[in-house]
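Welcome! Take a moment to look over the sequence and the 3D structure, and then we can walk through them together.

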Amino acid sequence: MLLNLRFVLVLALVAAPNVATAQTGPRFDVTVAASAHRGPLTGRLIVAVSKTNPAEPRLLISPSGPAIFGVDLEGVAPGRAVTVDSRAIGYPTSLDSLPPGEYWVQALVRVYSQVRRADGKTLWLPMNDGRIAPFNNTPGSLVSEVQQVRIDSSARVAITLTRTLPEPPRPADTDWVKRVTLQSKTLTAFWGRPIYVHATILLPRGYATETSRQYPAIYTLGHSVPFQFRTDSVGRGIGEINPVTGVETGFDFYKAWNAPDFPRVIAISLEQQTPYFPDSYSTNSANNGPYGDAIVEEIIPELERRFRIIAAPHARHLEGASTSGWQSLALQLRYPDYFGGAWIFQPDPIDFSRHQLVDIYKDENAFSIPIGQFITAERPMRRTVEGQPIWSVRQLSRFEAVLGSKGRSGFQFNAWEAVYGPTDSEGYPKALWDPLTGVIDKSVAAYWRDNDYDLRDYAERNWATLEPKLRGKLRFFLPDMDDFYLNVAMYRFEDFLKRAQPASDAEFIYGRPMKGHSWHPYPWAELVRRFAAAVEANTPATR
């Protein structure tokens with residue numbers, strides 16, 4: 001009897017794995033067609049599930065878009081099916097919580113490449129040539145065709161990735177707009193592979209004929225073409241100022257730019273996508289490399305040589321909003337003798353005691369706010385100009401965790417961690433907070449501050465030496481209801497400047513009432529006029 005019982009027990013143990021792996025919820029079986037990718041595949045697989053019938057669900061991916069589910073692929077052999085089920089992290093929740101119904105689904109793989117960085121770390125990252133490409137439309141990514149399917153507890157959906165997203169055509173140069181690709185030696189050395197920065201140069205009227213003339217330059221960080229310049233009148237609002245943004249159309253700007261009495265300047269935008277985000281923030285970083293030094297020591301000097309730009313501080317200005325607002329201020333603070341002024345619009349948080357609404361130094365959790373003895377409130381991340389929260393920090397953190405592990409989402413929180421933070425033991429960006437629990441890592445918060453990424457803290461600690469070099473150079477533009485609460489950190493920066501000794505002459509202009517993230521106080525043409533006037537006022541007298 002004992003032998004028989006042992007035999008039955010062995011049979012039960014052998015059979016147990018089949019029972020445990022039986023399907024208990026919906027499932028996607030995803031395969032890569034041999035024609036789409038050869039050899040083992042490493043990357044991030046994302047399945048998008050949409051209630052509506054778009055051309056492609058992947059193009060709608062956002063915190064307000066379709067449900068998404070993600071898994072890492074590590075050396076997946078051709079033809080091998082990868083299962084995405086309730087074990088995959090999902091947004092806004094797991095796959096088995098999706099209400100039964102008809103959906104349109106599409107799979108996407110962001111392909112990773114192996115990188116051997118100068119610090120000795122070997123990483124797998126979505127590398128590209130430095131041109132801006134969103135995470136859901138990156139050249140080289142693999143995508144499936146869109147399928148309409150019914151999803152319920154017994155659904156098993158087969159998906160095949162059949163095509164590779166191509167490189168987009170490069171815009172042709174014109175008499176007005178020139179494009180230059182520059183390889184950075186310092187960034188190439190850091191990454192162990194060629195790294196490029198792309199510049200788009202908007203030339204002034206008469207540039208081709210007045211060949212001995214030199215021009216001041218404004219670096220409009222964050223624009224594909226400076227000031228949305230275009231010589232055709234396609235689009236709406238010609239002759240009008242956008243009531244939300246406060247700027248004119250690109251065609252109206254062209255008409256001002258081409259007028260005989262308009263200031264003759266050169267405007268330059270930069271594309272510097274990293275593996276972690278569409279922008280490097282133009283700063284030196286443990287994760288991204290020495291972008292600040294590359295811009296100042298390599299890129300700008302080469303552009304000045306090629307395009308007859310005045311190679312002097314008074315003739316170099318910076319302009320940017322949001323991401324580019326932060327980097328405009330950072331470049332001006334860190335290289336105060338190199339730049340002649342910064343025009344800073346609603347910058348990303350410049351005081352980390354208000355990293356949006358998170359105090360990274362004092363708060364224990366990024367997701368919730370203790371309210372009284374027994375309740376907490378969700379911490380919002382985005383709002384309308386009327387104050388209605390629409391995304392929370394918890395939601396966006398989970399959204400990014402679906403898009404990519406190890407800081408590879410290509411979205412905002414991971415971008416800040418890559419720019420400001422240390423590397424972890426593997427060499428990837430170390431998270432400021434756990435993306436699923438919100439618990440803040442105080443060692444990372446301290447690193448952000450101690451390595452000078454908290455710009456208010458940096459300015460305050462170095463104000464005695466900075467102030468004489470910044471006179472007449474700082475101009476801040478602040479909407480009172482910024483969508484991402486960026487005005488809160490800027491108020492704190494202003495409070496510091498009001499009490500700073502020596503006194504600051506920084507200018508602050510406010511947008512009220514109910515002005516949001518894209519607000520500007522005056523049209524682009526007026527900004528250029530003011531820039532040109534500032535350059536003229538600070539041009540050294542000739543003997």
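## The chain as a whole

A residue counts as buried when its relative accessible area is under 20%. By that cut-off, 54% of the 543 residues of the protein chain are buried. Keep in mind that this is a predicted model.

The protein chain contains twelve helices and 25 strands. Its radius of gyration is 26 Å, close to the 24 Å that the globule rule gives for 543 residues, so the chain is as compact as a globular protein of that length. Along its principal axes, the C-alpha trace spans about 110 × 60 × 50 Å.

How do contacts link up the sequence? Among contacts between residues at least 6 apart in sequence, 72% join residues at least 24 apart. On the outside, the protein chain exposes about 24,000 Å², and carbon and sulfur atoms supply 54% of that area.

## Two nonpolar cores

Now let's look inside. The largest nonpolar core has 97 residues, and those with the most contacts inside it are Ile 268, Leu 303 and Phe 476. Helix 4 (residues 291–306) gives the most to this core, with seven residues.

Which residues does Leu 303 touch, leaving aside its neighbours within four places in sequence? Its contacts are Leu 182, Ala 199, Ile 201, Tyr 219, Ile 268, Leu 270 and Ile 309. There is also a second, separate core of 30 residues, which includes Trp 176, Phe 253, Trp 524 and Ala 525.

## Helix 12

Helix 12 covers residues 524–537. At 1.5 Å a residue, its 14 residues should span 20 Å, and this agrees with its end C-alpha atoms, which are 20 Å apart.

The buried residues of helix 12 are Trp 524, Ala 525, Leu 527, Val 528, Phe 531, Ala 532, Ala 534 and Val 535. Two of these names may look familiar: Trp 524 and Ala 525 are included in the second core. The buried residues of helix 12 pack against helix 3 (250–257) and against four strands: strand 14 (217–220), strand 18 (316–322), strand 19 (341–347) and strand 24 (474–479).

## Helix 6

Why is helix 6 (residues 393–403) described as largely enclosed by the rest of the structure? The reason is that eight of its eleven residues are buried. They are Val 393, Leu 396, Ser 397, Phe 399, Glu 400, Ala 401, Val 402 and Leu 403.

What do these buried residues of helix 6 pack against? Their partners include strand 2 (41–50), strand 3 (67–76), strand 22 (380–383) and helix 7 (412–420). Strand 5 (89–91) and strand 23 (389–392) are also among them.

Notes:
Residues numbered from 1 in each chain as written. Predicted model: local features only at pLDDT ≥ 70, side-chain atom pairs only at ≥ 80, totals over all residues. Heavy atoms only, no water. Helix = DSSP H or I, 4+ residues; strand = E, 2+ residues; numbered from the N terminus. Expected span 1.5 Å × (residues − 1). Buried < 20%, exposed > 50% of the residue type's maximum accessible area, 1.4 Å probe, protein only. Contact = heavy atoms within 4.5 Å. Core = buried A, V, L, I, M, F, W, Y, C linked by side-chain atoms within 4.5 Å. Rg over C-alpha atoms; globule rule 2.2 N^0.38 Å. Areas by Shrake-Rupley, 256 points an atom, 1.4 Å probe, with all protein chains shown as cover.
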